Amino acid sequence: MNPAEALLVLVAGLGAGTVNTVVGSGSLLTFPVLLALGYPPVVANVSNTIGLTPGSISGALGYRRELAAQSARLLPLSIAAVLGGVSGGLLLLGLPPGAFRAVVPALVLLAALLMAAQPWLSRRLRARRERRATPEGGTGVGAALLAAVFTVSVYGGYFGAAQGVLLLALLATLLDEDLNRLNGLKNLLQALVNLVAAVLFTITAEVAWYPVLLLALGSVAGGRLGALLGRNIPAPALRTLVVAIGTTVGLALLLT
């Protein structure tokens, strides 16, 4: 890798760390770069996951205040994310590298649709709770949310692009909560998925360590930058950004 290629990977890592923290789908900046530099798809995918993990952790730490307000739901959702991340990583190591291509575009486009419909869905869910006279209470974590987080985490451990878009859309649909708080929760769950997958890949898979180092350096800075930007974006603007990125990512995957 020459200096220009190294700089490209570093800048891609910075952009991915920022985008992942604000909304998700940062891997779509870095994974194609690694492919363009000649790394095989699985090696590129594995190295991308490991390299972006420090940025995911950095982004989650930037949302400590929002996470503290949701402490009751963190443990059950974190367990679901860890189990899903491990399962997805094992699938990546055991299945053909191109197996995800048939379902990923549909998942991402569905996430964009869910996020666009989130205000309407939240109103319907709130009205239904009021009719049944059952206040939210507790952690707000039910079987449907745990299953959704586990499923998206399997996908995140397997490939990971737009994992954050899917997580944020599902959290916003199933939880009656401020969107910026949910963005912090999304960042924590995404970081856990990436971390457990990265540990698994480090032990068992072939890794391109120089790109990993460059991605890690860029993504850590991007994660901090994304936390600053994401917290100050109004909820409607953040929702619009999620829908736009999710739709663009889904169509791009569908056409490739």
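Which residues of H8 are buried? The model under view is predicted, and this tour begins with that helix before moving to other selections.

**First selection: helix H8**

Select residues 163–174, which form helix H8. The buried residues here are Gln163, Gly164, Val165, Leu166, Leu167, Leu168, Ala169, Leu171, Ala172 and Thr173. The helix is thus mostly covered, with ten of its twelve residues buried. Its end C-alpha atoms lie 17 Å apart, which agrees with the 16 Å that twelve residues should span at 1.5 Å a residue.

**Second selection: Leu171 and the nonpolar core**

Keep H8 displayed and highlight Leu171, one of the buried residues of that helix. Apart from neighbours within four places in sequence, Leu171 is in contact with Leu145, Val149, Leu182, Leu185, Lys186 and Leu189. Leu171 also belongs to the largest nonpolar core, a set of 54 residues. Within this core, Val149, Leu171, Leu185 and Leu189 touch the most other members. Helix H9 supplies the largest share of the core, nine residues. As a general background, nonpolar side chains in soluble globular proteins tend to be buried together.

**Third selection: helix H5**

Next, select residues 71–94, which make up helix H5. This helix has 24 residues, and its first and last C-alpha atoms are 35 Å apart, close to the 34 Å expected at 1.5 Å a residue. Colour its buried residues: Arg73, Leu74, Leu77, Ser78, Ala80, Ala81, Gly84, Gly85, Gly88, Gly89 and Leu92. The partners against which these buried residues pack are helix H3 (41–61), helix H4 (64–68), helix H7 (143–158) and H9.

**Fourth selection: H5 together with H9**

Add residues 179–204, helix H9, to the display. Two packed helices are described by the angle between their axes and the distance between the axes. For H5 and H9, the angle is about 35 degrees and the axes are 8 Å apart. Their crossing is right-handed. On the H5 side, the residues that meet H9 include Leu74, Leu77, Ala81, Gly85 and Gly89. On the H9 side, Leu185, Leu188, Leu192 and Val196 are among the residues that meet H5. The residues of this contact divide into 17 nonpolar, four polar and one charged.

**Fifth selection: Ala147**

Move to Ala147, which is placed in helix H7. Is this residue buried or partly exposed? Ala147 counts as partly exposed because its relative accessibility is 41%. For a distance across the structure, pair Ala147 with Val193: the two are 46 residues apart in sequence, and their C-alpha atoms are 15 Å apart.

**Sixth selection: Ala16**

Now select residues 3–22, helix H1, and locate Ala16 within it. Ala16 has 0% relative accessibility and therefore counts as buried. Not counting residues up to four places away in sequence, Ala16 touches Gly26, Leu29, Thr30 and Leu52. Display Ser56 as well: Ala16 and Ser56 are 40 residues apart in sequence, and 9.6 Å apart in space from C-alpha to C-alpha.

**Final selection: Val220**

The tour ends in helix H10, residues 209–231, where Val220 is found. Val220 is partly exposed, with a relative accessible area of 35%. Which residues are in contact with Val220, leaving aside its neighbours within four places in sequence? They are Pro54, Gly55 and Ser58. Between Val220 and Gly55, the separation is 165 residues in sequence and 3.9 Å in space, C-alpha to C-alpha.

Note on methods
Residues numbered from 1 in each chain as written. Predicted model: local features only at pLDDT ≥ 70, side-chain atom pairs only at ≥ 80, totals over all residues. Heavy atoms only, no water. Helix = DSSP H or I, 4+ residues; strand = E, 2+ residues; numbered from the N terminus. Buried < 20%, exposed > 50% of the residue type's maximum accessible area, 1.4 Å probe, protein only. Contact = heavy atoms within 4.5 Å. Axes fitted to C-alpha atoms, helices over the stretch in contact; angles between N-to-C directions. Left-handed = near helix turned anticlockwise from the far one by under 90°. Nonpolar A, V, L, I, M, F, W, Y, C, P; charged D, E, K, R; others polar. Core = buried A, V, L, I, M, F, W, Y, C linked by side-chain atoms within 4.5 Å. Expected span 1.5 Å × (residues − 1).
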